[in-house]
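Biologist: Please take a close look at one part of this model for me. I would like to know how the side of one chain that touches the other is built, and what lies behind it.

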Amino acid sequence: MTRSWMLLTLALFALPATAANLRYAEDQAPAIVNPLFGSTMAEARVNELLFDGLYTDNQDLATTPALAASGELSPDKTEMTITLRDDVTWQDGKPFVANDVVFTIQAMQDKTTLSTEAGRAAFIKTATALDEHTVKLKFARPESRPEDKLLFKILPAHAFAGTSVKRTDGFRNKPVGTGPWELVKYNEDNSVSFTTNGSYRTPVGLSEMTMREVSDKNYQAKLLLYESLEALVRVLPRDLAMLQNNRKVELYPYQTNSWWYVGFNATHAPYDDVNVRKAMSALVDVPSLLAPVGTGDLLSGPFVKSSPYYNHDVNPVANDENAAETLFAAAGYTKVGGAWSKGGKPLTVRIAAHQSLESAQEVAINLQSQLQSAGLTVNVEFLDDAAWKGRVWREHDFDLILSQWTFDRNEDVREQFHSQGARNFTGYKNPEVDALLDKARDAADPFVRKTALREVHKRVHDDAPMVFLWTLDSYAAMSVKVKNVVIHPFYFFTFATGWQMK
Amino acid sequence: MSSRAALLPLLLGHLACSGSADVSTAPPSPLDGSWVATVVREPARFDALIGAADSPARPGWIALHKNAWAEATTTPGAPAKRANAELAVLHGVLADLSNDAWRSLGTTWEQRGTLPTDSVLPTLVALAAKDAGDSVSWARWQKVPQRADPAVDSRVAQHDAVRKGEASLVTAQSLGGVPLVEEPIPDGRRTFWDPMMHFTLAQAYGREIAEGYPADPLERMLFSGMIDPADSTPSGAWKKLGLAMPPTDDAEACREVVRGFDRQLDPWKVQLAATAPEAGKALLGDLRLVEGLRSRALVDWAVDALGTDQPRCALAFAEMALDHEHPRELTPLNSPTLYAVTAAANLRTGRTREALDALQVLVGPFPETTGLDETVGDLAVLQGLDRTGDSREQ
């Protein structure tokens, strides 16, 4: 028996289902459960189970109160007084109070916290608890519908020593929320068990949920077919045919605002030279990289093709070795013996990819092959989550990264491409793009925003901080035993309280 | 009344038929009366209909099978008529979607308190309301401060001419493709597209089938979602199959209806293949006939669900109709109306951004949908103006 089949066999017998236990697969278990530091979709999905925001989306994706009972905006739209629900308790039994809201906002804004969510609270100037269940927010500038920005998750102040929160804080393993489920335990097989929060304010259809780490995505579909899972949050494109022909499974298409990219580290040479970035972009044969992954749309910039911001006048970079040679020459490189070098030093590239990124191995190896055959020396490394967060996010210790960004329906790329963006770890910087992103953020007219972001698409394409690769369709697959499934197009589990199993 | 509803009597007058399928034995399943059964059991009839390799009708039937309707309209005979009927339905769905998008664009902007007073936008919203049969909104939006634009008046006159039959389908087709009005603003320009386009096209295509619609049952049904030429509605299969549209807009109940349909369809397909002549069996597999019938039937049901204000059901039907192997392209299983109905249902359930995913598939093959795609995009942008976006890795 091969190791792969042994793994599958083990997985089949792990953690049997109970009547209302929904088992879903993630490529990798979340390394950290703390909404202040969420950086992956897997973490966002778990946060959706455990935590609430002041407001949330209803099933028509309109903003509706969650922990807030009501909100009143001042006539000049610079202040909002929010009355909180008085019937909410944290999962450790303590009451939810206004100070929790104030703490969360201050923790997000505390520069020593280094929260990945800092940008989402930047519009709030001050947050003050007026009494146990009333909060007053003052805004940096008038806000027409501030509730639309108050969807971030609220944390319990009593679980932290202060607003300077560390990623390593014990909360990450023992999270306490107000959400519909609570985390019971981390199991030895890297799965995570959740049970219903008994004091949740509405009925919850699934009494238990289990997040199972199935790092080999090729097995996820098989486990679903063998009824060892009830849900896949993201199906490999190549498994769609098999799953759609099985009547025990149903496919649910959801958001498609995600795209793959190869990012250059523009903070150091030679990738701070646009000619080098463009030369390497021209060496990439994107359709060949995509082929083993499945079908998808090739992209020319940081939006997907169906986005209102996609600039259809901009074409994807062509695979053109002659153009690459001209650009390398302009950057001072010469090709000797088939290898590119500058000052006698060969151009050596390190490509890093997160080990849990689906199909990343095939893509990275093929990319390595393409660049090597064009005269570069290329090393590939696959990083686990801790190494990825450390080296890529915090230390910017990489040359090229292969990764994927997923956006909610606002497709706000400010954090990725503004020089002050919290997720701009490639170090991209262009004052004109900053100004356009500022204009888009401040726009009161949709046409102003659309025009500005289409221009951002063009400028970013021209600056080539990334090789924009493709977007893939996102599908969830569910056992037909799971009923009343409505999937949030980004957070996935927002409406899961209504799901049932039969 | 929705434009789709307004169109139905016109279409049904031609789609309904008093004849019956030419099946000589009493059918044990309602599906035995379907065009699939006829083709598989009597492949000679199919061959006679499609014609030889050099038959002028053959390309039309091939195009109809591929859901390449524009191509089919350029061929002679029955396929062109059938394609015109399909295009009438398609544009009827798109007209409803357009009217919904324009009215939402106006009201959402108005509710934000930033509706421009020097814009032609209220005029366009009023026109969409008028086409939607929403007389209250029509009257109200005419009173909102707005800028008059002669280009709009001229365009309204052109639409009127087509709708009254004084101008041709070609005229209607020529009205799309470029923006109707561009307004300079300090930080750029506003570009507005024609809100009346799809309603006019639906009527123009509908008029193309007023005469000469095929009478032969197989010609009327081949590559459709109908199981019986006597169906009086596009979703006439409901009752014959013992299925019932849920009374409320319940996606799960509608999914269960499809599961019930599949429980009949799957064994029937096996039985059909077992008893079919070799030529019929080959057609069944090569042309994916049962899958095509299923997909088209579900699209018909989705259109009906939209017409009865059940967008969640419509979305459920559309999602279950989609051939997920090719989710972004028109194929024999993925028709243009599938994407139109998906977009319309998404918009009505608040998923404006997701509606754009479906519309994007139509923009290439149907350039006249560019304006609708831009308008729904403008609505998506407007709805997100007050939001802070979220993004994650992987």
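Modeller: Two residues count as in contact if their C-beta atoms, placed from the backbone, lie within 7 Å. Bear in mind that this is a predicted model. By that cut-off, 39 residues of chain B are in contact with 59 residues of chain A. Which elements of chain B give two or more residues to this side? They are strand S2 (188-192), helix H14 (251-275), helix H19 (352-363), helix H20 (370-383) and strand S3 (391-393). By class, the side of chain B that touches chain A has 19 charged residues, 13 polar and seven nonpolar.

Take strand S3 of chain B next. S3(B) pairs across the chains with strand S20 of chain A, residues 400-407. The two strands run antiparallel, and three bridges join them. One pair to look for is A:Thr406, whose bridge partner in S3(B) is B:Arg392.

Now helix H20 of chain B. This helix gives residues to the side that touches chain A, and H20(B) also packs against helix H6 of chain B, residues 78-112. Two packed helices are described by the angle between their axes and the distance between the axes. Here the angle is about 30 degrees, and the axes are 9 Å apart. The crossing of H6(B) and H20(B) is left-handed. On the H6(B) side, the contact includes B:Leu94, B:Leu97, B:Ala101, B:Trp102, B:Leu105 and B:Trp109. On the H20(B) side, it includes B:Leu372, B:Val376, B:Leu379 and B:Leu382. B:Asp378 of H20(B) takes part too. The residues of this helix contact divide into 10 nonpolar, five polar and one charged. Set that beside the side of chain B that touches chain A, with its seven nonpolar and 19 charged residues.

Last, strand S2 of chain B. S2(B) is another element that gives residues to the side touching chain A. Within chain B, S2(B) pairs with strand S1, residues 181-185. The pairing is antiparallel and runs over five bridges. A hairpin of two residues joins S1(B) to S2(B). In this pairing, B:Val181 stands opposite B:Phe192 of S2(B).

So what lies behind the contact side? S2(B) has S1(B) as a strand partner, and H20(B) has H6(B) packed against it. S3(B), in turn, has S20 of chain A as its antiparallel partner.

Note on methods: Residues numbered from 1 in each chain as written. Chains lettered and ligands numbered in written order. Predicted model: local features only at pLDDT ≥ 70, side-chain atom pairs only at ≥ 80, totals over all residues. Helix = DSSP H or I, 4+ residues; strand = E, 2+ residues; numbered from the N terminus. Nonpolar A, V, L, I, M, F, W, Y, C, P; charged D, E, K, R; others polar. Pairing = 2+ DSSP bridges. Axes fitted to C-alpha atoms, helices over the stretch in contact; angles between N-to-C directions. Left-handed = near helix turned anticlockwise from the far one by under 90°.
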